[in-house]
Amino acid sequence: QVQVVESGGGSVLPGGSLRLSCAASGSIFRIYTMDWYSQEPGKQSELVATITREGIENYADFVNGRFTISIDNGSNTMTLQMNNLRPEDTAVYYCRVVVSYTVSSGSYQHWGQGTQVTVPS
């Protein structure tokens, strides 16, 4: 069993900053990637940022240098520093973790419950 818990959402004025955190725990042998997705009501979720255990980062084009993702392999945690937030960043943000359970198992994804980010216009 793997647990994924997000924290750090909230409401902030345009131009403000938030720091999202994601912690994975449980039967984890290895984490391959940790990602953030956002989902607005009535829309499909979209990838915001992803990071591998080696620290390779990728961002959606709309991030445009405003967000920074980081990973701590020792504690299986990931953070997303979000700066210069815009009203269009308003969404529920979900953490996804891709892990293996043993040295010989395949890889499996687990999702958190989500955390709300609100940037009023």
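Is E46 buried, exposed or partly exposed? That was my opening puzzle, and I looked it up in a predicted model.

**Entry 1: E46**

E46 has a relative accessible area of 35%. Buried would need under 20% and exposed over 50%, so E46 comes out as partly exposed. I found E46 in strand β5, which covers residues 46–52.

Next I checked what E46 touches. Leaving out residues up to four places away in sequence, I got W36, Y37, S38 and F62. I also looked at T90, which is 44 residues from E46 along the chain. The C-alpha atoms of E46 and T90 are 13 Å apart.

**Entry 2: aromatic pairs**

Y37 turned up among the contacts of E46, and that got me curious about rings. I reminded myself that a pair of aromatic rings is described by the distance of the centres and the angle of the planes. How many aromatic pairs does a search of the whole structure find? It finds 2.

One of them is Y37 with W111: the ring centres are 5.1 Å apart and the planes sit at 55°, so I noted this pair as tilted. Y37 is in strand β4 (residues 30–39) and W111 is in strand β10 (residues 107–111), so I had to jump 74 residues along the chain to get from one to the other. The pair links distant parts of the chain.

I then compared how covered each partner is. Y37 is buried, at 15% relative accessible area, whereas W111 is partly exposed, at 38%.

Y101 and Y108 make an aromatic pair too, and this one is stacked. I wrote down 4.7 Å from centre to centre and 10° between the planes. Y101 is partly exposed with a relative accessible area of 31%, and Y108 is partly exposed with 38%.

**Entry 3: the neighbours of β8**

Which strands pair with β8? I started with strand β3 (residues 18–26): 6 bridges join it to β8 (residues 77–82), and the two run antiparallel. In this pairing I spotted R19 opposite Q81 of β8.

Strand β7 (residues 67–72) pairs with β8 as well, again antiparallel, over 6 bridges. Here D72 stands across from T77 in β8.

I followed the chain from β7 into β8 and found a hairpin, with 4 residues between the strands. One residue in that turn, N76, has a positive phi of about 55°.

A last reminder to myself for looking at strands: in a regular strand the side chains alternate between the two faces of the sheet.

Key
Residues numbered from 1 in each chain as written. Predicted model: local features only at pLDDT ≥ 70, side-chain atom pairs only at ≥ 80, totals over all residues. Heavy atoms only, no water. Phe/Tyr/Trp six-rings, centres within 6.5 Å; stacked < 30°, edge-to-face > 60°. Buried < 20%, exposed > 50% of the residue type's maximum accessible area, 1.4 Å probe, protein only. Pairing = 2+ DSSP bridges. Contact = heavy atoms within 4.5 Å.
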